[in-house]
Amino acid sequence: MIESTVDDLGVAEIVMANPPVNALPVAGWFALAAALDAAGTDPAVRAVVLRAEGRGFNAGVDIKELQAAKDYGALVGVNRGCAAAFSAVYDCPVPVIAAVHGFCLGGGIGLVGNADVIVAADDATFGLPEVDRGALGAATHLSRLVPQHKMRAMMYTSATATAAELHAFGSVLTVVPRAELRAAAFAVAHDIAAKDPAVIRAAKESLNGIDPWDPKRSYRYEQGFTFELNLTGVADKVREDFGQ
C-alpha cells in the first residue's frame, strides 16, 4: 500500500498504491505517516518525492470502511490517521515534493496542501467533495492551493480545479505530460538534494515557523464539525445517498 525507497543522491520516494482509486483506510494513513517520518529522520535523506501509482494520486479516505464500521472507531481512526499523515508532510525535516496525476481529492488535498513543492501532470484535478460525503476538512490545505473565494466556492459546490489553474495561481510549480511526471518531480528533488543538507533542513524549519497559521491546529478544528455531523446522524444519511 505504501512503498518507500531512497536513491543514491538522497531522494526518498514514497509511493501510494491502493487500487482502485488510492482511497486509504485507517491503517494506510498511519503507514504513510510512518514512511514520511522515517524518511525525515534518516540523515541520508535530503528530499522526499511523494507520488502514487494507478488512476489518480489520492481519492481521500475509504468511505466503505466508514460505512462498514459498527461504531465511531473507524471515524476517529481515519481522522487521526489523516491528521498524522498531513502533519508528517508538513513536519518532515526535508522538503516534500508532491507529484500529482489524475484525481487529488479529500485527503489528497491535505497531503498536497502541506507539501513544499507540487509538480502536476496535465490530467491532474484537485477538489474537496467532502460536503457530498457528510464530512468537512482540508479547507485548511485547499486554502494553500487556491485563493480564498475560490476555495469557498470549491468547498460549497464540490467543484474541482485543474493543474493549469493551480499553476496560474502559483501553487503548482510546473505542469507536464503524465509520462514525464516522475522525472519532473525527481529533477526538482535532485536540485534540492544538491544543496547543503543542513541549510535545507534549516530552511524548511524556518519556513514552517513563519507560516501565518498552524495547518495542524486549523485542520483539527475543522474535524470537530465532521464529528458533529456524524453524532447528529447527518453524515450517515449523506453517505448512504453517496453510496447509491
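**Salt bridges and overall architecture of the predicted model**

The structure holds eight salt bridges. The coordinates come from a predicted model, and confidence in the protein chain averages a pLDDT of 95, with 99% of the residues scoring at least 70.

Several of the charged residues are joined beyond a single pair: Glu13, Arg51, Glu53 and Arg182 are linked in a network of salt bridges. Within this network, Arg51 pairs with Glu53, and the closest N and O atoms lie 3.0 Å apart. The two partners fall into separate accessibility classes. Arg51 has a relative accessibility of 13% and therefore counts as buried, the limit for that class being under 20%. Glu53, at 41% relative accessibility, counts as partly exposed.

A salt bridge is also formed by the side chains of Asp123 and Arg178, with an N to O distance of 3.1 Å. This pair links distant parts of the chain, its members being 55 residues apart. Asp123 lies in the loop between strand 6 (117–121) and strand 7 (125–127), whereas Arg178 occupies the loop between strand 9 (174–176) and helix 8 (181–193). Both loop residues are accessible in part: Asp123 is partly exposed with a relative accessible area of 31%, and Arg178 is partly exposed with a value of 37%.

In a further salt bridge, the side chains of Glu165 and Lys150 meet at 3.2 Å, N to O. Here the connection runs between two helices, with Glu165 in helix 7 (residues 163–169) and Lys150 in helix 6 (residues 148–157). The pair, 15 residues apart, again links distant parts of the chain. Glu165 has a relative accessible area of 26% and is partly exposed; Lys150 is likewise partly exposed, with a relative accessible area of 26%.

At the level of the whole fold, the secondary structure of the protein chain comprises eleven helices and nine strands. The radius of gyration is 17 Å, close to the 18 Å that the globule rule gives for 244 residues, so the protein chain is as compact as a globular protein of that length. Along the principal axes, the C-alpha atoms fill a box of roughly 55 × 35 × 35 Å. Of the 244 residues, 51% count as buried. Contacts between residues remote in sequence are also represented: among contacts in the protein chain with a separation of 6 or more, 74% are accounted for by residues 24 or more positions apart.

The accessible surface of the protein chain amounts to about 10,900 Å², and carbon and sulfur atoms contribute 58% of this area. One nonpolar surface patch, of about 280 Å², is made by Tyr72, Val76 and Leu231. Of these residues, Val76 is found in helix 3 (residues 73–91). Val76 is partly exposed at a relative accessible area of 35%, which means that this residue passes the patch criterion of over 30%.

Confidence varies among the elements of the protein chain. Strand 4 (residues 96–100) has the highest mean pLDDT, 99, and helix 11 (residues 234–243) the lowest, 78. Where pLDDT is low, predicted coordinates should not be read in detail.

Definitions and conventions. Residues are numbered from 1 along each chain as its sequence is written. This is a predicted model: local features need pLDDT of at least 70, side-chain atom pairs count only at pLDDT 80 or more; totals for chains, interfaces and linings use all residues. Side-chain values use heavy atoms; hydrogens and water are left out. pLDDT is the predictor's confidence in each residue, from 0 to 100. Helices (H or I, at least four residues) and strands (E, at least two) are DSSP runs, numbered from the N terminus. Patches are made of residues with over 30% relative accessible area and no salt bridge: like charges are joined within 9 Å, nonpolar side chains (Val, Leu, Ile, Met, Phe, Trp, Tyr) within 5 Å. Accessible areas come from the Shrake-Rupley method with a 1.4 Å probe; for residues, only the protein chains shown count as cover. A salt bridge is a side-chain nitrogen of Lys or Arg within 4 Å of a carboxyl oxygen of Asp or Glu. Buried means under 20% relative accessible area, exposed over 50%, partly exposed in between (1.4 Å probe, protein chains only). The radius of gyration is taken over C-alpha atoms; the globule rule is 2.2 Å times the number of residues to the power 0.38. Contact means heavy atoms within 4.5 Å.
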